[in-house]
Amino acid sequence: MEIKLALQVDDIDNVATVFADHVKDGDAVTVKDKEGNTLEIQVTGDIPFGHKIAVKAMKKGEPIIKYGESIGRASADIGYGEYVHIHNMEAMRGRGDL
């Protein structure tokens with residue numbers, strides 16, 4: 001059985017990066033943090049390699065934190081395990097808001 005892995009780099013991250021091919025809606029992904037702790041998340045949405053999943057639920061307007069840095073904000077409510085990308089987040093860099 002193939003392990004579908006995602007990495008949460010910083011303790012404050014609310015997303016993890018998927019390092020597996022062919023992650024489909026409903027699949028289980030193992031999220032690993034920098035201490036080696038793991039948790040299993042059932043994902044919502046098909047997620048391409050290198051894209052993000054929510055490791056915490058977020059409300060519209062909340063910052064998206066990856067690698068310990070804000071990379072944008074939620075443009076809609078985002079559920080635990082949901083695919084996080086341009087359909088539910090907006091980048092803030094280069095706009096002068098961060």
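Beyond its neighbours within four places in sequence, A6 is in contact with A16, T17, V18, F19, V29, T30, V31, K32 and I53. In this predicted model, A6 also belongs to the largest nonpolar core, a set of 13 residues in which A6, V18, V23, V31, I47 and I53 have the most contacts. Strand 2 and strand 3 (28-33) each contribute at least two residues to this core. A second core, separate from the one just described, holds 8 residues, among them A54, A74, V84 and M89. Such grouping fits a general pattern: in soluble globular proteins, nonpolar side chains tend to be buried together.

A polar residue offers a helpful next stop. N14 sits in the loop that links strand 1 (5-8) to strand 2 (15-18). Because its relative accessibility is 7%, N14 counts as buried. The side chain of N14 comes to 2.9 Å from the backbone oxygen of P63. Apart from its neighbours within four places in sequence, N14 is in contact with I53, A54, V55, K56, M58, P63, I64 and I65. Among these partners, I53 is one of the residues with the most contacts inside the largest core, while A54 is included in the second.

P63, I64 and I65 lead on to the sheet, as strand 6 spans residues 63-66. The sheet is open, with 3 strands in the order 6-7-9 and antiparallel pairing. Strand 6 and strand 9 (89-90) form its edges, each pairing on one side only. Between strand 6 and strand 7 (residues 69-74), which run antiparallel, there are 4 bridges. Within this pairing, I65 lies opposite S70 of strand 7.

Key: Residues numbered from 1 in each chain as written. Predicted model: local features only at pLDDT ≥ 70, side-chain atom pairs only at ≥ 80, totals over all residues. Heavy atoms only, no water. Buried < 20%, exposed > 50% of the residue type's maximum accessible area, 1.4 Å probe, protein only. Polar contact = N/O pair within 3.5 Å; in protein donor to acceptor, adjacent residues only side chain to side chain. Contact = heavy atoms within 4.5 Å. Pairing = 2+ DSSP bridges. Core = buried A, V, L, I, M, F, W, Y, C linked by side-chain atoms within 4.5 Å.
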